[in-house]
Amino acid sequence: MSDVSMIIGGERRAAPSTFGVVNPATGEVHADAPDCDEGQLNEAFDAAAKAFTDWRTDEDARRSILREASKRLSAAADRIAPVLTAEQGKPLRSAHMEVLGAGYWLRYFSRLEIPREVIQDDEHVRAEVVHRPMGVVAAITPWNFPIMLSAWKLGPALLAGNTVVLKPSPFTPLSTLLMGEILSEVLPPGVLNVVSGGDQLGRWMTSHPVPRKISFTGSTGTGKHIAASAAPDLKRLTLELGGNDAAILLDDVDPAAIVRKLFEGAFDNSGQVCSGIKRLYVPESLHDVVVDALAAQAAAARVGDGMDPDTQVGPIQNRPQYERVCDLVAEALAGGATAAAGGAPIDGPGYFFPPTVLVGAAEGTRIVDEEQFGPVLPVLPYRDIDEAVARANATNYGLSGSVWSADPDRAGAVAERLDCGTAWVNAHVALGPHQPFGGLKWSGVGVENGPWGLAGYTDLQVQYRAKD
Ligand code: NAD
């Protein structure tokens with residue numbers, strides 16, 4: 001039995017089979033999700049292609065429908081949040097915020113202008129550059145922020161006049177399916193189709209002949225496979241991939257004043273944030289005091305089931321990721337690092353790992369060089385700022401980074417030198433729908449959000465009129 005349905009052509013649809021969805025707080029299957037087969041995926045793409053013909057024609061109608069979609073989604077926060085917490089693990093409060101944030105994103109896009117630019121208008125020629133929708137978009141999301149990251153794709157894709165087939169991660173399909181049910185009450189049939197299934201379903205989507213665009217958020221490894229799969233058909237791509245963000249403290253910071261922000265930047269969503277702090281570079285002179293302050297925050301954080309209102313840090317979302325984090329930490333400790341807080345999984349059911357602050361880990365170890373994507377932060381001392389910048393940039397990733405100082409201008413000058421898509425001063429993971437978000441190097445291709453993100457769901461057309 002499946003608890004929620006797929007949406008194909010505006011109808012609620014079960015699949016021929018289902019798969020179990022685990023609650024990470026218990027480690028047990030707590031619900032089933034439809035396992036979309038290839039025939040149903042074809043139906044979804046056909047429905048999206050058919051709906052595109054009308055959907056693309058009326059921008060005003062799209063805006064008012066997106067506005068209504070935003071309202072319905074926000075109004076459903078109390079329904080969606082417990083479903084999200086049960087499958088994803090995050091505290092209920094954060095799940096609620098995620099749904100409201102997604103509603104906010106849709107509202108932003110309902111108001112965003114689709115630019116038209118006259119580039120020449122003289123006695124000979126009038127030439128205008130317009131943005132046209134691409135057609136059907138295949139959207140694929142990961143398990144850390146299923147609702148928010150869906151909204152990042154749906155807002156611009158639908159505003160621009162495209163139609164969508166959306167697939168959530170098989171680890172967290174239920175909240176997105178429920179969101180699809182809610183949005184299908186206001187979207188015309190076929191404009192948004194939501195299907196669920198495993199990685200194979202994603203592979204069928206990216207190699208399918210119908211979609212003209214793939215919008216993917218997930219790991220760098222999968223992103224590379226998707227780029228290859230899109231190549232034969234020259235499908236357009238937006239890839240939002242992994243990160244290994246560095247935060248650099250300058251020598252004038254007051255650790256007590258910033259420790260809470262640093263802790264949240266590293267440990268929110270149990271460290272499962274693409275642009276979370278994953279390496280912390282600290283001047284040697286401040287190392288011990290920063291480590292102590294972070295360790296105190298870590299020790300005080302309440303770890304538990306996200307349904308418990310006292311919980312601040314939920315479980316790691318799934319077993320493979322939990323095992324990976326356990327391995328990375330064990331390997332670092334075996335290599336000579338020590339844990340100033342945490343350091344070992346919590347006994348009992350569920351995928352619980354306490355916030356862990358590691359000292360003595362260095363470049364060349366996996367916990368520093370790879371994306372840990374879990375509640376573990378290595379603190380790395382540095383001698384001079386050029387060295388810190390060089391070490392922060394010595395990675396294939398380039399999603400975001402931050403510099404912290406009592407003097408924002410001084411920090412800003414250092415932040416500019418970071419090779420990443422977003423460089424914050426005295427903040428980390430400060431995102432907004434108006435800011436283009438994307439990664440350099442292996443962290444992605446293209447950006448989401450703002451007019452720049454919207455442009456990624458459009459093709460440019462020059463409309464040229466000769467006057468003589
Ligand atoms: P993942 O790559 O394993 O899976 C993401 C999605 O891709 C899932 O829906 C999955 O079923 C699907 N998929 C897997 N293999 C596929 C294939 N070959 N073809 C098509 N689809 C396929 O990622 P994950 O483990 O779910 O998410 C964690 C990763 O996502 C982390 O690396 C994190 O940094 C990254 N992430 C990036 C951003 C960003 O905006 N840059 C945001 C959130 C998460």
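Tryptophan 105 counts as buried, because its relative accessibility is 5% and the cut-off for buried is under 20%. Keep in mind that this is a predicted model. Tryptophan 152 is buried too, again because its relative accessibility is 5%.

Now look at the rings. Seven aromatic pairs are counted in this model. Tryptophan 105 and tryptophan 152 make up one of these pairs, with ring centres 5.4 Å apart and planes at 15°. That pair is stacked, since planes under 30 degrees apart count that way. Where do the two partners sit? Tryptophan 105 belongs to helix α4, residues 92-111, and tryptophan 152 to helix α5, residues 146-159. The partners are 47 residues apart in sequence, so their pairing ties together separate parts of the chain. The two tryptophans also have company: Tyr104, Trp105, Trp152 and Phe437 form one aromatic cluster.

Another pair has another geometry. The rings of tryptophan 143 and phenylalanine 373 have centres 5.3 Å apart, and their planes meet at 70°, so this pair is edge-to-face. The cut-off here is over 60 degrees. Tryptophan 143 lies in the loop between β7 (136-140) and α5. Phenylalanine 373 lies in the loop between α12 (366-369) and β16 (376-382). The pair links distant parts of the chain, 230 residues apart. Are these two residues buried or exposed? Both tryptophan 143 and phenylalanine 373 are buried.

Rings can also meet charges. Lysine 213 places its charged end over the ring of tyrosine 457, 4.9 Å from the ring centre. Lysine 224 does likewise with tryptophan 442, where the charged end sits over the ring at 3.2 Å from its centre.

Next, turn to the empty space. Rolling a probe the size of a water molecule over the atoms shows where such space is left. Two cavities of 30 Å³ or more turn up in this model. The largest has a volume of about 100 Å³. Which residues lie nearest its centre? They are Arg279, Ala392, Ser400, Asp419 and Cys420, out of 16 lining residues. The elements β12 (245-249), α13 (385-393) and β17 (400-404) each give two or more residues to this lining. The lining of the largest cavity is mixed: six residues are nonpolar, six polar and four charged.

The second largest cavity holds about 30 Å³ of space. Its lining consists of Ile7, Gly10, Ser184, Leu187, Pro188, Pro189, Gly190 and Leu192. Five of these lining residues are nonpolar, three are polar and none is charged.

Notes:
Residues are numbered from 1 along each chain as its sequence is written. This is a predicted model: local features need pLDDT of at least 70, side-chain atom pairs count only at pLDDT 80 or more; totals for chains, interfaces and linings use all residues. Side-chain values use heavy atoms; hydrogens and water are left out. Rings of Phe, Tyr and Trp (its six-membered ring) pair if their centres lie within 6.5 Å; planes under 30 degrees apart count as stacked, over 60 as edge-to-face and the rest as tilted. Helices (H or I, at least four residues) and strands (E, at least two) are DSSP runs, numbered from the N terminus. Buried means under 20% relative accessible area, exposed over 50%, partly exposed in between (1.4 Å probe, protein chains only). A charge sits over a ring if NZ of Lys or CZ of Arg is within 6 Å of the ring centre and within 35 degrees of the ring normal. On a 1 Å grid over the protein atoms alone, a cavity is a set of points where a 1.4 Å probe fits but cannot get out, and a pocket is an open set with protein on both sides within 12 Å along at least five of seven lines; lining residues have an atom within 4 Å of a point. Grid points are joined across faces, edges and corners, and a volume is the space filled by probe spheres set on the points. Ala, Val, Leu, Ile, Met, Phe, Trp, Tyr, Cys and Pro count as nonpolar, Asp, Glu, Lys and Arg as charged, and the others, Gly among them, as polar.
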